[in-house]
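Let's take a walk through a two-chain model and see what its helices, strands and loops are up to. Have the structure open as you read.

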Amino acid sequence: MIFVTIGSMFPFDRLIREMDRWANDNRRYDVFAQIGNGDYIPANMDYVRKLSQSDFTYTMAKAEVIVAHAGMGTVITAGQIGTPLVLLPRIHAWGEHTSDHQIATANWLRDKPRVFLADTDADLSRAIQLALQTGKDGADRFSDKADPAFTNRLRTAILDYMR
Amino acid sequence: MSNSRIMAIASGGGHWVQLLRLRPAFDDMDVFYVSLDPSSATDVPDRIYYTVREASRKQKLGFFIAGAQLLWIMLKERPRVVITTGSAPALISLILAKYVLRAKTIWIDSIANAECLSKSGQKAGQFADIWLTQWPELAGDGPDKPNYWGAVL
């Protein structure tokens, strides 16, 4: 299954429309999308408006490849389970988010393992192809905890406040 | 008489995922959690978990309802420390912590904000005892700049 997700805050019809077309062109009948409150209704893939947080995690874990906006919830969860991730960042000028921070996120992730960036719609198909070839691998997934140096410092500060 | 309760709060999606990654900082303490999605309770078994409604800064009514829910939770639990990874509802909880409970407050701006702090994060500066960005480029020494202690990734 290929899981398409655009988070839950704002619609992202551009990605949903592109993936609907891609599913049809490539005869993939196992594409499933979380479309949020967008206006575009997919014709060639199953969809849901919004998954609960736990269903989201479950669906992420089952997916062969994840195609998503460049949101940190998706990025971190994909990294923790070792699933290849295709990212199309939201663009502020097109009303897709409140700022261009997803472009910054995408650039930061550009050369990370198992991340395939689509800077434009035209790059999506190739990025998905690469992601499918790469496949899942738990070997280089990252831990579900932050850097201990960071959490230890927070911990010390909290304990200090408790005195 | 003094309790040592910690409130860990985050909006849904990326904010919540980042808060979970920080758990080694407080998970064995007397912590309770607050977020938006009822199903997130499964991420923090054996802990008290509350939900509040989404509060965007643009939507006055939602902001007011979330504020009332947070006030009720915080008066009931009386945390001494509030720690958060954002966003808008968390900012309300920081203000309540500061002025109603006189609790200590820790704001960790989302790692998504690599080029400038979130709007909530900018406002949080005046209510946070510890005010952090996850990007060293955004940190500074003056009172108008957050500190950098590390990142969730």
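What follows goes through the chain contact, two helices of chain A, the sheet of chain B and a few unusual backbone spots.

## Where the chains meet

First, a reminder that this is a predicted model. The contact between the chains draws on 30 residues of chain A and 33 residues of chain B. On the chain A side, four helices each put in at least two residues: H2 (53-62), H3 (72-81), H4 (101-109) and H6 (148-162). H6(A) gives the largest share, with eleven residues. Sorted by class, the side of chain A that touches chain B has 13 nonpolar, eleven polar and six charged residues.

## Helix H1 of chain A

H1(A) covers residues 13-25, and its length checks out: at 1.5 Å a residue its 13 residues should span 18 Å, and the end C-alpha atoms are indeed 18 Å apart. Which residues of H1(A) are buried? They are Leu15(A), Ile16(A), Met19(A), Asp20(A), Trp22(A) and Ala23(A). Because these residues cover an arc of only 165° around the axis, they sit on the same side of H1(A).

That buried set packs against strands E1 (2-5), E2 (31-34) and E4 (65-68) of chain A, and also against helix H5 (124-134) of chain A. Just after H1(A) comes Arg27(A), with a positive phi of about 50°.

## Helix H5 of chain A

H5(A) has its own buried set: Leu124(A), Ala127(A), Ile128(A) and Ala131(A). Here the arc around the axis is only 100°, so these residues lie on the same side of H5(A). Turned away from that buried side is a face with the exposed residues Arg126(A), Leu130(A) and Gln133(A).

What covers the buried residues of H5(A)? The cover includes H1, E4, strand E5 (85-87) and E6 of chain A. Just after H5(A), Gly135(A) takes a positive phi of about 75°.

## The sheet of chain B

Over in chain B, seven strands make an open sheet with parallel pairing, in the order E3-E2-E1-E4-E5-E6-E7. The edges are E3 (49-51) and E7 (147-148) of chain B, each of which pairs on one side only. Helix H2(B) lies across E1 (5-9), E2 (30-35) and E3 of chain B, running at about 160° to E1(B).

E4(B) is a good strand to zoom in on. Val81(B) and Ile83(B) point one way from E4(B), Val82(B) and Thr84(B) point the other way, and all are buried. E4(B) pairs with E1(B) in the parallel sense over four bridges, and its pairing with E5(B) is also parallel over four bridges. Thr84(B) shows both partnerships: Ile9(B) stands opposite Thr84(B), while in E5(B) the bridge partner of Thr84(B) is Trp107(B). Further along the sheet, three bridges join E5 (residues 104-108) of chain B to the parallel E6 (residues 130-133) of chain B, and Ile108(B) stands opposite Leu132(B) there.

## A cis bond in a loop

Between E4 and H3 of chain B there's a loop that holds Gly86(B). The peptide bond from Gly86(B) to Ser87(B) is cis, with omega near 5°. Most peptide bonds are trans.

Is Gly86(B) buried or exposed? It's buried, because 26 other C-beta atoms lie within 10 Å and 20 or more are enough to count as buried. Leaving aside neighbours within four places in sequence, Gly86(B) is in contact with Ala10(B), Ser11(B), His15(B), Asp109(B), Ser110(B), Ser118(B), Ser120(B) and Gly121(B). Gly86(B) and Gly12(B) are 74 residues apart in sequence, yet their C-alpha atoms are 9.4 Å apart in space.

## Two arginines with positive phi

Most residues other than glycine have a negative phi. Arg114(A) goes against that habit, with phi near 65°. The residue belongs to the loop between H4 and strand E6 (115-117) of chain A, and it's buried, with 20 other C-beta atoms within 10 Å.

Arg78(B) also has a positive phi, near 50°. Its place is the loop between H2 (60-77) and E4 of chain B. Arg78(B) is partly exposed, with 14 other C-beta atoms within 10 Å.

Technical notes: Residues numbered from 1 in each chain as written. Chains lettered and ligands numbered in written order. Predicted model: local features only at pLDDT ≥ 70, side-chain atom pairs only at ≥ 80, totals over all residues. Contact = placed C-beta atoms within 7 Å. Nonpolar A, V, L, I, M, F, W, Y, C, P; charged D, E, K, R; others polar. Expected span 1.5 Å × (residues − 1). Buried ≥ 20, exposed ≤ 12 C-beta atoms within 10 Å, placed from the backbone. Arc of directions from axis to C-beta. Pairing = 2+ DSSP bridges. Axes fitted to C-alpha atoms, helices over the stretch in contact; angles between N-to-C directions.
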